[in-house]
Amino acid sequence: QSHLETLDLSYNYDFEVDEVLRVIQKSSLRVLKLRGFNMNDDQTRVLARNLVGSQIEVLDLHGNEIDCRGAVAIAEVLTKTKIHTLKLVANQIQTKGVQAIANVLAESQVTSLDLSFNKIESIEGAEALARALPRSKIQVLGLCSIGAEYMKVILPYLPYKFTISSAKDVAVEDVKISESSQLRHLIIRIGWQEELRLVE
């Protein structure tokens, strides 16, 4: 078995998912980065099945073509993996995918989740994520580009006071916190300019 621990094939179009799977199966891989790998839902489902029982702790699928079906496939196996860092930035994930991931967060090992620049455009998706936070192990949460109206749903579940710059439509200065939550860092971009940052 190979002692390879990190594999980064980001933006490398010369490799197929099947080749990546062979590496996973024959190594003790801990970090897998497949940014801009043109992965679709079918390929994501195949990858997800091979994550079960693997040593992978960091999975970065930034900038692929994953929508709700791919997100659901990842969610279905997440609790059977060792993944603590999951980056799904800039895909096509919508409400059903967000709900699926949120529903398994509490039972998973995930401490860092980045769903920035997806299509979280429903109150239902925001509510599912919000309800999952206090019961999860999440310490770092990325939600860049989420709309202010959906962020308002999540704010009451965050564990600390926060400061807001250039986000006039999110006029909340203090939030009630859940003592059980372990969330520590949160940077949210509302649009391209405004930033909301959590502070202790």
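These exercises walk through a predicted model of one protein chain.

**Exercise 1. The whole chain**

Find how many helices and strands the chain has, and what share of its residues is buried.

Solution.
Step 1. Count the elements: there are six helices and nine strands.
Step 2. Turn to burial. The chain has 200 residues, and 49% of them are buried.
Step 3. Look at the surface. The chain exposes about 9800 Å², and carbon and sulfur atoms supply 46% of that area.
Step 4. Check how far contacts reach along the sequence. Take the contacts with a separation of 6 or more: residues 24 or more positions apart account for 77% of them.

**Exercise 2. Helices H1 and H2**

Decide whether H1 is roughly parallel or roughly antiparallel to H2.

Solution.
Step 1. Recall what to look for. Two packed helices are described by the angle between their axes and the distance between the axes.
Step 2. Read both values. The axes of H1 and H2 come within 10 Å and cross at roughly 5°.
Step 3. Apply the cut-off. Angles under 35 degrees count as roughly parallel, so H1 is roughly parallel to H2.
Step 4. List the residues that touch. H1 contributes Val-17, Leu-21, Ile-24 and Gln-25. H2 contributes Gln-43, Val-46, Leu-47 and Asn-50.
Step 5. Sort the residues of this contact of H1 with H2: five are nonpolar, three are polar and none is charged.

**Exercise 3. Helices H3 and H4**

Describe how H3 and H4 cross, and name the residues that meet.

Solution.
Step 1. Locate the helices. H3 covers residues 68-78, and H4 covers residues 95-104.
Step 2. Read the geometry. Their axes come within 8 Å and cross at roughly 10°. That makes H3 roughly parallel to H4.
Step 3. Name the partners. On the H3 side are Cys-68, Ala-71, Val-72, Ala-75 and Leu-78. They meet Thr-95, Lys-96, Gly-97, Ala-100, Ile-101 and Val-104 in H4.
Step 4. Sort the residues of the contact of H3 with H4: eight are nonpolar, two are polar and one is charged.
Step 5. Keep the helix repeat in mind when you look at such lists. An α-helix has 3.6 residues a turn, so residues three or four places apart point the same way.

**Exercise 4. Burial in H3 and H5**

Work out why H3 is largely enclosed, and what its buried residues pack against.

Solution.
Step 1. List the buried residues of H3: Cys-68, Gly-70, Ala-71, Val-72, Ala-73, Ile-74, Ala-75, Val-77 and Leu-78.
Step 2. Compare with the helix as a whole. Nine of its 11 residues are buried, so H3 is largely enclosed by the rest of the structure.
Step 3. Find the neighbours. The buried residues of H3 pack against helix H2, strand E4 and H4.
Step 4. Look at the start of H3. There, a side-chain oxygen of Asp-67 comes to within 3.1 Å of the backbone nitrogen of Arg-69.
Step 5. Repeat the search for H5, residues 123-132. Its buried residues are Gly-125, Ala-126, Ala-128, Leu-129, Ala-130 and Ala-132. They pack against H4, strand E5 and helix H6.

**Exercise 5. Two serines in loops**

Place Ser-27 and Ser-54, then find which backbone atoms their side chains reach.

Solution.
Step 1. Place Ser-27. This residue sits in the loop between helix H1 and strand E2.
Step 2. Check its burial. Buried means under 20% relative accessible area. Ser-27 has 6%, so Ser-27 counts as buried.
Step 3. Find its partners. A polar atom of the Ser-27 side chain lies 2.6 Å from the backbone oxygen of Val-23. The side chain also reaches the backbone nitrogen of Leu-29 at 3.3 Å.
Step 4. Place Ser-54. This residue is in the loop between H2 and strand E3. Its relative accessible area is 10%, so Ser-54 is buried.
Step 5. Find its partners. The Ser-54 side chain reaches the backbone oxygen of Leu-51 at 2.8 Å. Leaving out residues up to four places away in sequence, Ser-54 touches Ile-24 and Lys-82.

**Exercise 6. Positive phi**

Locate Tyr-11 and Ala-90, and give the phi of each.

Solution.
Step 1. Tyr-11 is in the loop between strand E1 and H1. Its phi is near 55°, a positive value in a residue other than glycine.
Step 2. Ala-90 is in the loop between E4 and H4. Its phi is positive too, about 55°, although Ala-90 is not a glycine.
Step 3. Add the exposure of Ala-90: with a relative accessible area of 28%, this residue is partly exposed.

Note on methods. Residues are numbered from 1 along each chain as its sequence is written. This is a predicted model: local features need pLDDT of at least 70, side-chain atom pairs count only at pLDDT 80 or more; totals for chains, interfaces and linings use all residues. Side-chain values use heavy atoms; hydrogens and water are left out. Axes are lines fitted to C-alpha atoms, for helices over the stretch in contact, and angles run from 0 to 180 degrees between N-to-C directions. Helices (H or I, at least four residues) and strands (E, at least two) are DSSP runs, numbered from the N terminus. Angles under 35 degrees count as roughly parallel, over 145 as roughly antiparallel, 65 to 115 as roughly perpendicular and the rest as oblique. Contact means heavy atoms within 4.5 Å. Ala, Val, Leu, Ile, Met, Phe, Trp, Tyr, Cys and Pro count as nonpolar, Asp, Glu, Lys and Arg as charged, and the others, Gly among them, as polar. Buried means under 20% relative accessible area, exposed over 50%, partly exposed in between (1.4 Å probe, protein chains only). A polar contact is a pair of N or O atoms within 3.5 Å; within protein, one must be able to donate a hydrogen and the other to accept it, and residues adjacent in sequence count only if both atoms are side-chain atoms. Accessible areas come from the Shrake-Rupley method with a 1.4 Å probe; for residues, only the protein chains shown count as cover.
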